[in-house]
Amino acid sequence: MGIIVPVQKLSEESYALVICYPKPSSAELEKRIKELKELGISAIEFSGSKVVANLPVLGKGCVGVVVKAYRGGEEVALKIRRVDADRSGMHHEAKMLAIANQLGVGPKLLNSSDNFLVMQYIRGKLLPEWLESCTEIRLKLVMKEILEQCWRLDAAGLDHGELSHAPKHIIIDEMDKPFIVDFETASLNRKPSNVTSMVQFLFIRGAVAEKINNMLGSRNENLIVEALRRYKMDRSRSNFEIILETCGVYVTTL
Ligand SMILES: Nc1ncnc2c1ncn2[C@@H]1O[C@H](COP(=O)(O)OP(=O)(O)O)[C@@H](O)[C@H]1O
Ligand SMILES: [Mg+2]
């Protein structure tokens, strides 16, 4: 467990930089603390494997800093908008995540405001780290579930936008349930390419693909590329299942 700081203590200088990363001002800090109270956040817990301003946090990206927090007694994940983020608010991400949730994808959205997103806290590991300790059958099941989630996003027309290189966008919890995170760049106005991007990331290009291919044994990359090409032309369920087969994750029985 990390350091738990009640919301009313967050105005102290050492925490200001996390709440208003990377450039704190007292006016902005005050506004944000008020917003946190309105969201019902009672405390923030500084814990996790990343570090911001010398404090441990769950994650950090271009738009936000993600920390563990408490809403009453409930553990939640709190995404804090960076003051230098090129987005005016968290409302777009909240809207996209809410749609993903209806498809059974993403951490559950609990609440949102201008500068914060409150969501289900996922206790788990990012995919590259999870790969270090999984077995072949667990890997196949998790790969299949990730692709099924991408299929549902494709079918609903919601393009995540950052899945072709997603080492920080898939968290796998302690029950081996994968969660796709970060719907900040998601859109309903692009042609969805969740399945094709994810297959490229998992099986074709980069360090994660190399590791997975080593674990699952060699598959025919040309066949995978061909299956993706066919799926791009016609995003039918049967074309999707051919992708699962060529990727070697079509698990019918346990
Ligand atoms: N619901 C969550 N539970 C636990 N950790 C999370 C959660 N959401 C995000 N994270 C962690 O925070 C990191 C950054 O989140 P992300 O939404 O990608 O922020 P950004 O938009 O700034 O890139 C993720 O890579 C992940 O490690
Ligand atoms: Mg991100």
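A residue is called buried when its relative accessible area is under 20%, exposed when it is over 50%, and partly exposed in between. The exercises below apply this to a predicted model.

**Exercise 1. Decide whether Ala53 is buried, partly exposed or exposed, and describe its backbone.**

Solution.
Step 1. The relative accessibility of Ala53 is 26%. This value falls between the limits of 20% and 50%, so Ala53 counts as partly exposed.
Step 2. Locate the residue: Ala53 sits in the loop between β3 (50-52) and β4 (55-57).
Step 3. Look at the backbone. Ala53 is not a glycine, yet its phi is positive, about 50 degrees. Most residues other than glycine have a negative phi.

**Exercise 2. Describe the overall build of the protein: its helices and strands, its radius of gyration and its buried share.**

Solution.
Step 1. Count the elements: the protein has nine helices and 12 strands.
Step 2. Compare the radius of gyration with the globule rule. The value is 19 Å, and the rule gives 18 Å for 254 residues; the two are close, so the protein is as compact as a globular protein of that length.
Step 3. Take the outer dimensions. Along the principal axes, the C-alpha atoms fill a box of roughly 55 × 40 × 30 Å.
Step 4. Turn to burial and surface. Of the 254 residues, 48% are buried. The accessible surface is about 12200 Å², and carbon and sulfur atoms hold 50% of it.
Step 5. Consider the contacts with a separation of 6 or more: 65% of them join residues 24 or more positions apart.
Step 6. Finish with the charges. There are 34 positive and 32 negative ones, and their mean positions lie 2 Å apart.

**Exercise 3. Find which residues coordinate the magnesium ion (ligand 2), and state where they lie in the chain.**

Solution.
Step 1. Identify the donors: NE2 of His169 and OD of Asp182 coordinate the ion, at 2.1 to 2.3 Å.
Step 2. Place the two residues. His169 is in the loop between α5 (136-156) and β11 (170-173), whereas Asp182 is in the loop between β12 (178-180) and α6 (194-204). The pair is 13 residues apart and links distant parts of the chain.
Step 3. Apply the cut-off of 20%. His169 has a relative accessible area of 12%, so it is buried. Asp182 has 19%, so it also counts as buried.
Step 4. Check the backbone of Asp182. Its phi is positive, about 70 degrees, although Asp182 is not a glycine.

**Exercise 4. Determine how far helix α6 is enclosed, and examine Ser197 and Phe201 in it.**

Solution.
Step 1. Count the buried residues. Nine of the 11 residues of α6 are buried, so the helix is largely enclosed by the rest of the structure. Among them are Asn194, Val195, Met198 and Leu202.
Step 2. Take Ser197, which lies in α6. Its relative accessible area is 14%, so Ser197 is buried. Leaving out residues up to four places away in sequence, Ser197 touches Leu163 and Ser164.
Step 3. Take Phe201, also placed in α6. Its relative accessibility is 3%, so Phe201 counts as buried. Leaving out residues up to four places away in sequence, the residues that Phe201 touches include Leu127, Leu163, His165, Pro167, Ile170 and Val208.
Step 4. Compare with a residue elsewhere: the C-alpha atoms of Phe201 and Ala77 are 26 Å apart, and the two residues are 124 apart in sequence.
Step 5. Look at what follows the helix. After α6 comes Gly206, with a positive phi near 105 degrees.

**Exercise 5. List the buried residues of helix α9 and name elements that cover them.**

Solution.
Step 1. Read off the buried residues. In α9 (residues 237-247) they are Asn239, Phe240, Ile243, Leu244, Thr246 and Cys247.
Step 2. Name the cover, which includes α5, α6, α7 (207-216) and α8 (221-233).
Step 3. Look past the helix: Gly248 follows α9 and has a positive phi, near 75 degrees.

**Exercise 6. State whether the peptide bond from Tyr21 to Pro22 is cis or trans, and give the location of Pro22.**

Solution.
Step 1. Use omega. The angle is near 0 degrees for the bond from Tyr21 to Pro22, and the bond is cis.
Step 2. Set this against the general rule: most peptide bonds are trans.
Step 3. Locate the proline. Pro22 is in the loop between α1 (13-19) and α2 (26-38).

Terms used: Residues numbered from 1 in each chain as written. Chains lettered and ligands numbered in written order. Predicted model: local features only at pLDDT ≥ 70, side-chain atom pairs only at ≥ 80, totals over all residues. Heavy atoms only, no water. Helix = DSSP H or I, 4+ residues; strand = E, 2+ residues; numbered from the N terminus. Rg over C-alpha atoms; globule rule 2.2 N^0.38 Å. Buried < 20%, exposed > 50% of the residue type's maximum accessible area, 1.4 Å probe, protein only. Contact = heavy atoms within 4.5 Å. Areas by Shrake-Rupley, 256 points an atom, 1.4 Å probe, with all protein chains shown as cover. Lys, Arg positive; Asp, Glu negative; His and termini not counted. Charge placed at Lys NZ, Arg CZ, Asp CG, Glu CD. Donors = N, O, S within 2.8 Å, 3.2 Å for Na, K, Ca; no water.
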